[in-house]
Amino acid sequence: MKKNTEKTVVSILLGLFALYFLFPIYWTLTTSIKPKGSIIKLPPEWFPHRFTWSNYAEVFSQNHIGRVFLNSLLVASATTAVTVLVTALGGYGFSRFRFSGRNLWIYTTIVVRMIPGLLLIIPYYLMFQKAGLLDSLTGLVIVYVTAAIPLAIYLFIGFYNEMPAEIFESARIDGCSEYGTFLRIALPLVVPGIVVTSILVFMGAWNEFSLSLILTFSDDKKLLPLAISSLVQTQKDTPLGTLAAAGTLAMLPAIALSLTTQKYIVDGFTAGAVKG
Amino acid sequence: MLNANQKKTRAVLGMGFAAVLVLSGCSGGNNNDNAASAGASGSASASPSGTGSAVQVDGPTVYGIKLQDMDAGGTLKGQYKGQKIVVATMAGDTEKALKDAAPYFEKVSGATVEVQSFPAESYMEKIQLDLQTNHSFDSVVMPVALIHGYAEGGLVQDLKPYIDNKDLVSPNLDLDDFIPSLLDIYGNYKSKLVALPYKPDAQIFFYRKDLFEDPKLQASFKAKTGHDLKVPETPDEMAEAAAFFTKSLNPDSPVTYGYSTMADNTSSRWIWTNRLAAFGGKDVDKDFKPAFNNEAGLKALQFAKQLTQYAPKELLTLGWDEANTLFANGEAAMMEQWPGLMQTVEADGSKVKGKVGYAVTPGGAPTMGGWSIAMTSSTKNADLTYKFIEYVTSKDMEVLKIQDKMDPTRTSNYMRPELQQQFPMYQTLLDSLTKGKIMADPDVPYVSPKLDDIMEQAVQSVLRGELDPQKALGIMEKSFNEEIQGASITAG
């Protein structure tokens, strides 16, 4: 009896949380397919009575969201690939080897993470101006990788620390080199960690706004958050349908990633440094 | 171990991902989109040669008007071939208007124009940063107060030397055709012409035509007030009509509120400034000294407070979308707003479609907004940039930008019968622009946004009933003086 009550309460709470988190997504989705006249109605249309794809057509034809989407995908993917490559190795080194200054470097890396990103915008701008990297996607990847490395290193150190030392010792006894141990033993075991880190880094780069605003100029180099933000208007009506269509498209990678990598996410969050 | 299906799925995903990366790597610039679209509405009969031979561009027909002056009076002959300019502005209609005009200019000048735009919430910081450090912009299209700030800092340059250059200037420039108050307020700064007007704006008084013309309501109004119900021209008439249409004061009112506007903490000051000049005051004088702590300022602020009795309770939280939606849903009889409200009330789904009239704000001195176009001091293509500025503000090209909701700044365009017929609000807008005296943002270089904040805090406190109007004026004046003195700006 008590168990049933507990179950009901938990279910109600979970239902409420689900509603709280899913309603904005539902509202964005439905707004994106509502005709313009149905969007600003009072009382609001909770369920769309008429459907239209014109908002999507507009966002592709007039706002070139396809090009912007690909820019974001390229930058976020490159950032993820480089960051994971560097930090999977770096984290392994920090976790497995004891060398002088090890703690200093770990703490330094974490301290860098604590510097508010906004403070770095102007220095980045001036450095990139000299280096000719302003208004380039390569420049953005460099900045995003720099910003992502501290967190990713921290995560990987936790993932590798969870692995029993005996596994590595056995590998060495069986004749594995350090690189062999990393490639054949550590890397396969840390796959859930790679997935979690990749998602965090990818989404960080995917959603980033301030740096891309300052460091890029032309339409060809715009990323999604910037393009979506450009749809918001002052002293005229914001095209809410178009904005919702762009927002829906921007959500796709997050939804796709969470659905396809759910198993790894659970493993990763319970295995490494991100658990409580 | 992975089974065969999983391996296959991953392989497909991997290939798809690689394909996307390759595609995105190939997605280069697409600056020719606009050129293509220009080709659809107008056509060039010869390519720019760069040798000075004429380039014929057939102008498009817009709103029934065939655009004729497509080569700036014959001064654009493809002579700028190989040169490029960058024009910066806020994303949205301004950007679109510039992009629509650019292909025509490119065809007749031979040059390339890149329009760069940034989101509404952060374009100011971005553009200013570039003006001070990177110098990649040749021209900027910005709100007037900001352009004047750039002029004070030497970031934009005087256009007069270019206008005086007979070899450069278009014979069709006709500076006198700009609405005089616009050219003066938007363009002139300390005896220099630092910009040309690009987008005019003035607060308009919108009212429910169907209610004001209803014989039953007219009779009821006459019985209650002893006056005829007419579109208010003075603050007193406005207050009387607003009280009549407020349901809490008159249960027979067909609408809930007599008056509405947007009055969140970025826009409430305009309720005050819409009357400030009408009572003979100003925000700042020519020496950048506050000019509102006087009888005019007090009367205007007291009147703003009075209007809140007839307005929605949530007035101080209403932004653009909320205030317009409320009016479009038929909740209010009168509203002061920028001209863009008309799009909302005439949209499908609006309950007041075809029922809204417009007039100059009561008192006859509306607050003015406005954007102008200027040339940066750092441009390396000054002549070309000047020609672009002249081109997009020319009489004919102004008609083209009306499509992007940029109203004209030239008197002659307001007089065109085709436009008067299709934009019945234009006469009211012209009257408002002619009568406007106070800018939406105080025209004080560097500190204009700060002064906006000071006004907002004081006006909001008064409207909430937390501060006495006289006291609020004193606080505003003191804060204005501190900010302006702190900025060390010299009088013009």
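Let me start with B:Thr112, which counts as partly exposed because 18 C-beta neighbours lie inside 10 Å of it, and please keep in mind throughout that what we are looking at is a predicted model. If you want to find B:Thr112 on the screen, look in strand 6 of chain B, which covers residues 112-118. Leaving aside residues up to four places away in sequence, B:Thr112 touches B:Lys84 and B:Glu106. There is also a long-range pair to look at here, since B:Thr112 and B:Pro312 are 200 residues apart in sequence, and their C-alpha atoms are 50 Å apart in space.

Now compare that pair with another one in chain B. B:Pro180 and B:Arg410 are 230 residues apart in sequence, and yet, from C-alpha to C-alpha, they are 8.9 Å apart in space. B:Pro180 itself sits in helix 7 of chain B, residues 180-187, and this proline is partly exposed, because 13 other C-beta atoms lie within 10 Å.

In the loop between helix 6 (160-163) and helix 7 of chain B we find B:Asp174. What is the sign of the phi angle at B:Asp174, positive or negative? B:Asp174 is not a glycine, and its phi is nevertheless positive, at about 50°. To see why I point this out, remember that most residues other than glycine have a negative phi. B:Asp174 counts as partly exposed, because it has 13 C-beta neighbours inside 10 Å. A second residue of this kind is B:Ser191, which is not a glycine either and has a positive phi of about 65°. You will find B:Ser191 in the loop between strand 8 (188-189) and strand 9 (192-193) of chain B, and with 8 C-beta neighbours inside 10 Å this serine counts as exposed.

Let me step back to chain B as a whole, which has 21 helices and 16 strands. Of its 492 residues, 49% are buried, and among its contacts with a separation of 6 or more, 73% are between residues 24 or more positions apart. The domain assignment divides chain B into domain 1, made of 49-202 + 371-434, and domain 2, made of 204-369 + 437-486, so each domain is written as two stretches of the sequence joined by a plus sign. The centres of the two domains, taken over C-alpha atoms, are separated by 31 Å. Where domain 1 of chain B and domain 2 of chain B touch, domain 1 contributes 17 residues and domain 2 contributes 18 residues. On the domain 1 side, the elements that give two or more residues are helix 5 (144-152), strand 10 (196-202) and helix 19 (426-435) of chain B. Sorted by class, that side has eight nonpolar, four polar and five charged residues.

Next come two pairs of packed helices, and as background, two packed helices are described by the angle between their axes and the distance between the axes.

The pair in chain B is helix 3 (residues 93-109) and helix 15 (residues 382-392), whose axes come within 10 Å and cross at roughly 125°. That angle makes helix 3 of chain B oblique to helix 15 of chain B, and the crossing between them is right-handed. Which residues of helix 3 of chain B meet helix 15 of chain B? They are B:Leu98, B:Ala101, B:Phe105 and B:Ser109, and facing them from helix 15 are B:Leu384, B:Lys387, B:Phe388, B:Tyr391 and B:Val392. By class, this contact has seven nonpolar residues, one polar residue and one charged residue.

The pair in chain A is helix 1 (residues 2-32) and helix 13 (residues 240-260), which pack at an angle of about 125° with their axes 7 Å apart. Helix 1 of chain A and helix 13 of chain A are therefore oblique to each other, and their crossing is left-handed. From helix 1 of chain A the contact takes A:Ile25, A:Thr28, A:Leu29, A:Thr31 and A:Ser32, while helix 13 of chain A gives A:Leu240, A:Gly241, A:Ala244, A:Ala245, A:Gly247, A:Thr248 and A:Met251. By class, the contact between these two helices has six nonpolar, six polar and no charged residues.

I will finish with chain A as a whole, which has 14 helices and zero strands. Its C-alpha atoms fill a box of roughly 70 × 70 × 30 Å along the principal axes. Of the 276 residues of chain A, 35% count as buried, and among contacts between residues at least 6 apart in sequence, 78% join residues at least 24 apart.

How values were computed. Residues numbered from 1 in each chain as written. Chains lettered and ligands numbered in written order. Predicted model: local features only at pLDDT ≥ 70, side-chain atom pairs only at ≥ 80, totals over all residues. Axes fitted to C-alpha atoms, helices over the stretch in contact; angles between N-to-C directions. Helix = DSSP H or I, 4+ residues; strand = E, 2+ residues; numbered from the N terminus. Parallel < 35°, antiparallel > 145°, perpendicular 65-115°, else oblique. Left-handed = near helix turned anticlockwise from the far one by under 90°. Contact = placed C-beta atoms within 7 Å. Nonpolar A, V, L, I, M, F, W, Y, C, P; charged D, E, K, R; others polar. Buried ≥ 20, exposed ≤ 12 C-beta atoms within 10 Å, placed from the backbone. Domains from an automatic or database assignment.
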